[in-house]
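Reader: I should be grateful for a close look at a single part of this structure, described together with whatever it packs against or pairs with. Please state the cut-off behind each term when it is used.

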Amino acid sequence: MLPTDETAREVGIRINPSILAADFVNMQAELARIATADFVHVDVMDNHFVPNLTFGPQMVERIQATSPVPLDVHLMISDPDRWAPGYAELGAASVTFHLEAAAEPVALARRLRSIGARAGIAVKPATAVDGLFDLLEDFDQILVMTVEPGFGGQSFMPETMPKLQRLAHEARRRGSSVWLQVDGGIGESTIAQAAEAGADTFVAGSAVFGADDPANAIAGLRAAASRHL
């Protein structure tokens with residue numbers, strides 16, 4: 001029997017559509033199309049840490065005001081120690097910053113948590129994760145990028161799966177409840193690889209927003225992931 005959408009939710013599968021693939025001109029309508037998602041993934045890029053520019057706090061505040069699901073903000077920016085708390089103060093449920101950009105990642109995570117947001121940390125494809133093992137309890141989510149950050153529509157990088165496996169193994173060994181997220185090239189074919197490697201939280205862009213029926217696409221992704229837990 002194929003797992004149902006509700007079963008997938010119960011076992012802890014989360015699907016977070018990325019608005020990088022949405023129609024920015026009709027953002028409120030686009031958000032309404034993903035009401036069955038767990039979170040909406042909001043990519044904030046500064047054209048400095050990554051070679052692209054999206055939007056900042058004002059746009060995130062408007063998304064926060066109109067989204068039917070909580071915000072999962074992914075900061076691809078320089079100096080997150082300064083800027084990340086502001087996104088938590090806007091009401092984002094989760095704020096993820098990059099290990100490569102943060103000066104004091106643990107202190108920043110504690111600050112985000114004190115405001116009321118889940119604290120996440122992200123790593124680029126080439127960044128090792130071993131240094132995070134002793135910090136698992138300081139974060140609510142670890143994002144393993146499965147593409148180079150900065151642009152949507154890239155192909156999934158299977159070579160990132162070994163470090164995701166190491167993270168998942170270490171989290172289980174330590175009894176950690178940290179969420180393991182993947183972002184980049186996620187669709188029904190690649191989500192299986194990521195789930196088998198230990199991911200439980202999946203960012204999908206065109207696989208959801210490019211579908212005729214986003215709710216059906218979200219349910220299909222959840223089912224595909226739960227079959228490989």
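Author: A residue is called buried under 20% relative accessible area, exposed over 50%, and partly exposed in between, with a 1.4 Å probe and protein chains only. The model is predicted, so local features need pLDDT of at least 70 and side-chain atom pairs count only at pLDDT 80 or more, while totals for chains, interfaces and linings use all residues. Residue numbers start from 1 along each chain as its sequence is written, and side-chain values rest on heavy atoms, with hydrogens and water left out.

Ala 215 illustrates the middle class: its relative accessibility is 30%, so it counts as partly exposed. Ala 215 belongs to helix α9 (residues 214-226); here helices are DSSP runs of H or I with at least four residues, strands are runs of E with at least two, and both are numbered from the N terminus. Leaving aside residues up to four places away in sequence, Ala 215 touches Arg 33 and Thr 36, where contact means heavy atoms within 4.5 Å. Its C-alpha atom is separated by 31 Å from that of Leu 112, 103 residues away along the chain.

Leu 112 leads to the part chosen for the close look, helix α5. This helix spans residues 105-115, and its buried residues are Pro 105, Val 106, Leu 108, Ala 109 and Leu 112. Viewed down the axis of α5, these residues fall within an arc of 160 degrees, so they line one face of the helix; the arc is that of the directions from the helix axis to the C-beta atoms. An α-helix has 3.6 residues a turn, so residues three or four places apart point the same way. Arg 110 and Ser 114 are exposed on the other side of α5. Just after the helix, Gly 116 adopts a positive phi of about 120 degrees.

The buried residues of α5 pack against three elements: α4 (80-89), β4 (94-98) and β5 (118-123). In α4, the buried set consists of Pro 80, Ala 84, Pro 85, Tyr 87 and Ala 88. Their arc around the axis is only 155 degrees, which puts them on the same side of α4. Arg 82 and Glu 89 are exposed on the face turned away from that buried side. The buried residues of α4 pack in turn against β2 (40-45), α3 (57-66) and β3 (71-76), as well as β4 and α5. Gly 91, which follows α4, also has a positive phi, near 110 degrees.

From α4 the description passes to the strands. Six of the six residues of β3 are buried, so the strand is largely enclosed by the rest of the structure. Leu 71, Val 73 and Leu 75 point one way from β3, whereas Asp 72, His 74 and Met 76 point the other way. In a regular strand the side chains alternate between the two faces of the sheet.

β3 has parallel partners in β2 and β4. It pairs with β2 over six bridges and with β4 over three; two strands pair if DSSP finds at least two bridges between them. Asp 43 has His 74 of β3 as its bridge partner, and Val 73 has Val 95 of β4. β2, α3 and β3 form a right-handed β-α-β unit, as do β3, α4 and β4. A crossover is right-handed if, with the strands pointing away from the viewer, the path from the first strand over the helix to the second runs clockwise.

β5, another element packed against α5, includes Arg 118 within its range of 118-123. The charged end of Arg 118 sits over the ring of Trp 179, 3.6 Å from its centre; this requires CZ of Arg, or NZ of Lys, within 6 Å of the ring centre and within 35 degrees of the ring normal. Arg 14 also lies over the face of Trp 179, at 3.5 Å from the ring centre. In strand β7 (residues 179-183), five of the five residues are buried. Trp 179, Gln 181 and Asp 183 point one way from β7, and Leu 180 and Val 182 the other.
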